[in-house]
Amino acid sequence: MTLLTDLLTKAAKLLRSPYQKMDEGRLKAFVTPCLEYRDVFTGLVREHGSPLYVLDEGRLRSRARRFRQVFEECLGSVDVFFAMKSNNMPEVSRIMVEEGLGLDVSSGVELVQACEVGATRIFFSGPGKTEEELTAAINQADRVTVLMDSFGELRRLDHLTRQYRRMVCAGVRLTTNPNGLWRKFGIPLTSLAQFLREAHGAPFVKLEGLQFHTSWNLLPDAQTAFIARLRSELLDLPANLLETMKFLDIGGGFWPEQGEWLRAAGTPFGKFINLLFPGRPDTVSRFWLESCPIDIFADQIAETLQAALPKTMNCRICLEPGRWLCHEAMHLLMTVVDVKADNLAITDAGTNAIGWERFEQDYFPVINLTHPEIEEHPCDILGSLCTPHDVWGYSYHGTAIRPGDLLLIPTQGAYTYSLRQDFIKPLPEVTRLPQLRSARPPQS
Ligand SMILES: Cc1ncc(COP(=O)(O)O)c(C=O)c1O
């Protein structure tokens, strides 16, 4: 009986929803500026074909400037490294470099690309770096800092740097959660002193910083909680080791202001209901999880850092944002090929263009630019892959939907382009959004 009560209490807690219903006014405010760009998007597809990714360079640049400015107002000079994995289009990285950002890479392939776009400051993070990848980092030692992920990696880097007799700057990643799947990243906080001592014995590894990364942060709580935990470990470190620390990299994971937009299937309650009634999944409800503005992130993180970092530790703060920078800077266009019923349309694009079944859980408006209207109508908008999970949405904004109509899904810049798959359908090309003075490009 107690077990049953316990289970029911836990289930009730899990199903208690922190998700608010999506406010229709918010949605309209999001869709309206997209309609203003109707002719521009139509012209781009006429010129470059469909489906098509559209890169908004102006938006990307302004996000990069704002991010740095906000953190510098709170922390003084900081180093920002764009997390390339969030959008690996070379042009995006090149623009970030032009804006004075470094690049955060997680593989040898990304490292080569970062060098090709002219990055002069590169953080190489990630677990399981191979000997080839470490060697590539050593070969680019004038611009790469290796963020070591384990004792094993330190030993491999020690061995390789001795072999090449080349000095490499390095940091070490700290595990933020020692349980579950996140323990695969970094070393436990409790091993930090031992790691620093061991690195001291590696003559060509110049260990000068610490890194951590917490993901999917709608609020700064996970980041500030970890910084507070780090304090007690830092206070226990011998002064000579502490003094060698020149940077603290607090990672990325800053959620855009838009918040998280979810369908029922993306919430615990919705998942539960869909399991109970698999024949009638809820495709109508939309939910919103609030995220806080970037200046609140910066304020609270700065306040925690000021209290947490020992006075003897004189280090620069580094950040590795991905999605906050690029989410709003790319849009996806596609064309309706077939309308099989009033409520069933098939597009030329398949979700291989974004590489995952995103829109089964996440909600983004599908906007019909050919028959534009702010009102939304129910209709399954599905891609042309041979899988029923090839879903773009269950509604569109427009007066009607017909073969040949041009559809827009705005703000698809993060973790879509880099995950695209060469599967069944060709991949969309990318073109740039011309900057118009009169209209406001799509954004949250
Ligand atoms: C080490 C590291 N830094 C930065 C990022 C970027 O995170 P986000 O795009 O959420 O800002 C990631 C994402 O997985 C990461 O693993």
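Start by selecting helices α4 and α13 in this predicted model, and turn the view until one lies in front of the other, where you will see that α4 passes α13 in a right-handed crossing. Helix α4 covers residues 57–75 and helix α13 covers residues 294–308, and their axes come within 9 Å and cross at roughly 30°. Because angles under 35 degrees count as roughly parallel, α4 is roughly parallel to α13.

Next, show the side chains where these two helices touch: on α4 select F67, V70, F71, C74 and L75, which meet I294, D295, A298, D299 and A302 in α13. If you colour this contact by class, there are 8 nonpolar and 2 charged residues, with no polar ones.

Now move to the strands and select β1, β11 and β10, which form an open sheet of 3 strands in that order, with antiparallel pairing. Strands of a sheet pair through backbone hydrogen bonds, so it helps to display the backbone here. Which strands lie at the edges of this sheet? They are β1, at residues 20–21, and β10, at residues 260–263, each of which pairs on one side only. Look then at β1 beside β11, residues 286–289, where the two strands pair in the antiparallel sense over 2 bridges, and find Q20, which stands opposite W288 in β11.

Finally, select the ligand together with the 16 residues around it, of which A83, G252, E320, G322 and R323 come nearest. Coloured by class, the shell around the ligand divides into 4 nonpolar, 8 polar and 4 charged residues.

Definitions and conventions
Residues numbered from 1 in each chain as written. Predicted model: local features only at pLDDT ≥ 70, side-chain atom pairs only at ≥ 80, totals over all residues. Near = placed C-beta within 6 Å. Nonpolar A, V, L, I, M, F, W, Y, C, P; charged D, E, K, R; others polar. Axes fitted to C-alpha atoms, helices over the stretch in contact; angles between N-to-C directions. Helix = DSSP H or I, 4+ residues; strand = E, 2+ residues; numbered from the N terminus. Parallel < 35°, antiparallel > 145°, perpendicular 65-115°, else oblique. Left-handed = near helix turned anticlockwise from the far one by under 90°. Contact = placed C-beta atoms within 7 Å. Pairing = 2+ DSSP bridges.
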